[in-house]
Amino acid sequence: METDINRIKVVLVEKKKTNKWLCEQLNVNPSTVSKWCTNSSQPDIETLIRISKLLEVDMEDLLNKHYVESVRI
């Protein structure tokens with residue numbers, strides 16, 4: 001199974017933003033953002049929505065499409 005669930009790190013680079021910027025915007029610990037960027041943990045749905053608004057992208061752009069397609073219902 002695909003382990004890269006989110007694309008936060010990639011989108012941050014595309015938007016020329018840093019992990020530090022994101023943690024300041026969300027008022028979370030830098031280690032939390034680092035874990036999201038390495039897919040060691042995942043943000044909750046509300047946080048994903050906030051991240052998508054901050055980065056001005058659709059929430060779907062933050063999700064790895066290969067992972068989403070691999071999830072069985």
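Cysteine 37 is a good place to enter this predicted model: at 10% relative accessibility, this residue counts as buried. Cysteine 23 is buried as well, with a relative accessible area of 6%. Do these buried sulfurs lie apart or together, and what distance separates the sulfur of cysteine 37 from the closest cysteine sulfur? The separation is 10 Å, with cysteine 23 as the partner, which is too far for a bond. A disulfide would need the two sulfur atoms within 2.5 Å, so cysteine 23, with the sulfur of cysteine 37 as its nearest at 10 Å, is in no disulfide. In keeping with this, a search of the whole structure finds zero disulfides.

Cysteine 23 also belongs to the buried set of helix α2, alongside Trp21, Leu22 and Leu26. Against which helices do the buried residues of α2 pack? Their packing partners are α1, α3 and α4. The helix itself spans residues 19-26, and α1 spans 8-14; α3 covers 30-37, and α4 covers 45-55.

The largest nonpolar core tells a related story. This core holds 15 residues, and those touching the most other members are Ile8, Leu12, Leu22, Ile51, Leu55 and Leu62. At least two residues of the core come from each of α1, α2, α3 and α4, and the largest share, four residues, is supplied by α2. Leucine 55 gives a closer view of the contacts made by one of these residues. Once neighbours within four places in sequence are set aside, leucine 55 is in contact with Val11, Leu12, Lys15, Lys17, Trp21 and Leu62. Two of the residues on that list, Lys17 and Trp21, appear again in a charge-over-ring arrangement: the charged end of lysine 17 sits over the ring of tryptophan 21, 4.7 Å from the ring centre.

Tryptophan 36 offers a second view of the packing. This residue is found in helix α3 and is buried, with a relative accessible area of 6%. Which residues does tryptophan 36 touch, when those up to four places away in sequence are not counted? The contacts are Asn6, Ile8, Leu26, Val28, Ser41, Gln42, Pro43, Thr47 and Ile51. Contact with Thr47 and Ile51 can be set beside a backbone distance: the C-alpha atoms of tryptophan 36 and glutamate 46, 10 residues apart along the chain, are separated by 14 Å.

Two of these partners can be followed further. Threonine 47 is found in helix α4 and, at 14% relative accessibility, counts as buried. Apart from residues up to four places away in sequence, threonine 47 touches Leu26 and Trp36. Valine 28, by contrast, has its place in the loop between α2 and α3 and counts as partly exposed at 26% relative accessibility. Beyond its neighbours within four places in sequence, valine 28 is in contact with Cys23, Val33 and Trp36, a list that leads back to the cysteine discussed at the start.

The loops deserve a look of their own. Asparagine 27 is found in the loop between α2 and α3, where this residue follows α2 with a positive phi, near 60°. Asparagine 27 is not a glycine, and its side of the picture is an open one: at 72% relative accessibility, the residue counts as exposed. Lysine 16 likewise has a positive phi, about 55°, although it is not a glycine. Its location is the loop between α1 and α2, and at 75% relative accessibility lysine 16 counts as exposed.

Charged and aromatic pairs complete the account. Side chains of opposite charge can pair when their charged atoms come close. How many salt bridges does the count come to? The count comes to one, formed where the side chains of arginine 7 and glutamate 14 meet at 3.6 Å, N to O. Arginine 7 counts as partly exposed at 25% relative accessibility, while glutamate 14 counts as exposed at 52%. As for ring-to-ring pairing, a search of the whole structure finds zero aromatic pairs.

Definitions and conventions
Residues are numbered from 1 along each chain as its sequence is written. This is a predicted model: local features need pLDDT of at least 70, side-chain atom pairs count only at pLDDT 80 or more; totals for chains, interfaces and linings use all residues. Side-chain values use heavy atoms; hydrogens and water are left out. Buried means under 20% relative accessible area, exposed over 50%, partly exposed in between (1.4 Å probe, protein chains only). Contact means heavy atoms within 4.5 Å. A salt bridge is a side-chain nitrogen of Lys or Arg within 4 Å of a carboxyl oxygen of Asp or Glu. Rings of Phe, Tyr and Trp (its six-membered ring) pair if their centres lie within 6.5 Å; planes under 30 degrees apart count as stacked, over 60 as edge-to-face and the rest as tilted. A charge sits over a ring if NZ of Lys or CZ of Arg is within 6 Å of the ring centre and within 35 degrees of the ring normal. A nonpolar core is a set of buried Ala, Val, Leu, Ile, Met, Phe, Trp, Tyr and Cys residues joined through side-chain atoms within 4.5 Å.
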